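Visitor: I'm new to this one and would like some help reading it. Could you show me around, one feature at a time?

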Amino acid sequence: MTSPRKTSGRTVDSHRDHFAAVLSLPFSAFGVRLAGDVVDELVFLPPETPAAAPECVLAEQVATQIDRWLADPGRPFELPLANRGTAFQRRVWNAIAAIPPGEYRRYGMLAAELGTAARAIGQACGANPFPLVIPCHRVVSAAGLGGFANATDGYLIDAKNWLLEFEAGR
């Protein structure tokens, strides 16, 4: 077991910095973190991040299912996911997972359905550890795309735009 180390004032946990695979996808690089026999996190990475082949069977399953999703965005993921998030976040993520490919919901619409505030929906989207599997890119603001993965510009917004256009065109 590795222990956390300090770097430039922040604690770095070598497990959290390690990816079992880095996939080169049309919209971004995409990191796969595992914890034992479950997917712990999926991470959008800058497009210039070098790919790294899956290093185990589970990472290969993630890569295969993402390839299949790119061929058919209606195809559901069947991956063992870590038990992450609060009860509220999981409720929001379940509502997001029910949005069909090619469609979207506004933060305010989901907030009304779940009896909460649009800001709380946005925070739950930003905390989503399993993008694509839980398609938070399908949640947009009343004034446009809104944020994505806690960003309001750059490659993450480019990825959200690509994903929405891709699904709409299928």
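Guide: Happy to. Keep in mind that this is a predicted model. Let's begin with one residue: Ala82 sits in the loop between helix 2 (57–71) and helix 3.

Visitor: Is Ala82 buried or exposed?

Guide: For that we look at relative accessible area, and under 20% counts as buried. Ala82 has 13%, so it is buried.

Visitor: Which residues is Ala82 in contact with, leaving aside its neighbours within four places in sequence?

Guide: Those would be Val38, Val39, Asp40 and Phe130. Take Phe130: it is 48 residues away from Ala82 along the chain, yet their C-alpha atoms are separated by 9.5 Å.

Visitor: Where is Val43 found?

Guide: Val43 belongs to strand 5, which covers residues 38–45. With a relative accessible area of 17%, Val43 is buried. Skip the residues up to four places away in sequence, and Val43 touches Phe19, Ala29, Phe30, Gly31 and Arg33. Phe130 turns up here too: the C-alpha atoms of Val43 and Phe130 are 7.6 Å apart, with their positions 87 residues apart along the chain.

Visitor: What share of contacts in the protein join residues at least 24 apart?

Guide: If you take contacts between residues at least 6 apart in sequence, 54% of them do.

Visitor: Let's step back. How many helices and strands does the protein have?

Guide: There are 6 helices and 7 strands. Read from the N terminus, they come in the order β-β-α-β-β-β-α-α-β-α-α-β-α.

Visitor: And why is the protein called as compact as a globular protein of its length?

Guide: Compare two numbers: the radius of gyration is 16 Å, and the globule rule gives 15 Å for 170 residues; these are close, so the protein is as compact as a globular protein of that length. The C-alpha trace spans about 45 × 35 × 30 Å along its principal axes. Buried residues account for 43% of the 170. As for the outside, the accessible surface is about 8900 Å², and 51% of that belongs to carbon and sulfur atoms.

Visitor: How should I read two helices that pack together?

Guide: Two packed helices are described by the angle between their axes and the distance between those axes. Here, try helix 3 (residues 87–97) and helix 5 (residues 118–126): their axes come within 9 Å and cross at roughly 85°. Helix 3 and helix 5 are therefore roughly perpendicular to each other.

Visitor: Which residues make the contact?

Guide: Helix 3 brings Phe88, Gln89, Val92, Trp93 and Ile96, while helix 5 brings Ala120, Ile121, Ala124 and Cys125. Sorted by type, the residues of this contact are 8 nonpolar, 1 polar and no charged.

Visitor: One last feature, please: what does the sign of phi tell me?

Guide: Most residues other than glycine have a negative phi. Now look at the loop between strand 7 (139–140) and helix 6 (155–168), where Ala149 lies. Ala149 has a positive phi of about 50°, although it is not a glycine. Asn150 is in the loop between strand 7 and helix 6 as well, and its phi is positive too, at about 65°, again without being a glycine.

Visitor: What are the relative accessibilities of Ala149 and Asn150?

Guide: Ala149 has 36%, so it counts as partly exposed. Asn150 has 66% and so counts as exposed.

Note on methods. Residues are numbered from 1 along each chain as its sequence is written. This is a predicted model: local features need pLDDT of at least 70, side-chain atom pairs count only at pLDDT 80 or more; totals for chains, interfaces and linings use all residues. Side-chain values use heavy atoms; hydrogens and water are left out. Axes are lines fitted to C-alpha atoms, for helices over the stretch in contact, and angles run from 0 to 180 degrees between N-to-C directions. Helices (H or I, at least four residues) and strands (E, at least two) are DSSP runs, numbered from the N terminus. Angles under 35 degrees count as roughly parallel, over 145 as roughly antiparallel, 65 to 115 as roughly perpendicular and the rest as oblique. Contact means heavy atoms within 4.5 Å. Ala, Val, Leu, Ile, Met, Phe, Trp, Tyr, Cys and Pro count as nonpolar, Asp, Glu, Lys and Arg as charged, and the others, Gly among them, as polar. The radius of gyration is taken over C-alpha atoms; the globule rule is 2.2 Å times the number of residues to the power 0.38. Buried means under 20% relative accessible area, exposed over 50%, partly exposed in between (1.4 Å probe, protein chains only). Accessible areas come from the Shrake-Rupley method with a 1.4 Å probe; for residues, only the protein chains shown count as cover.
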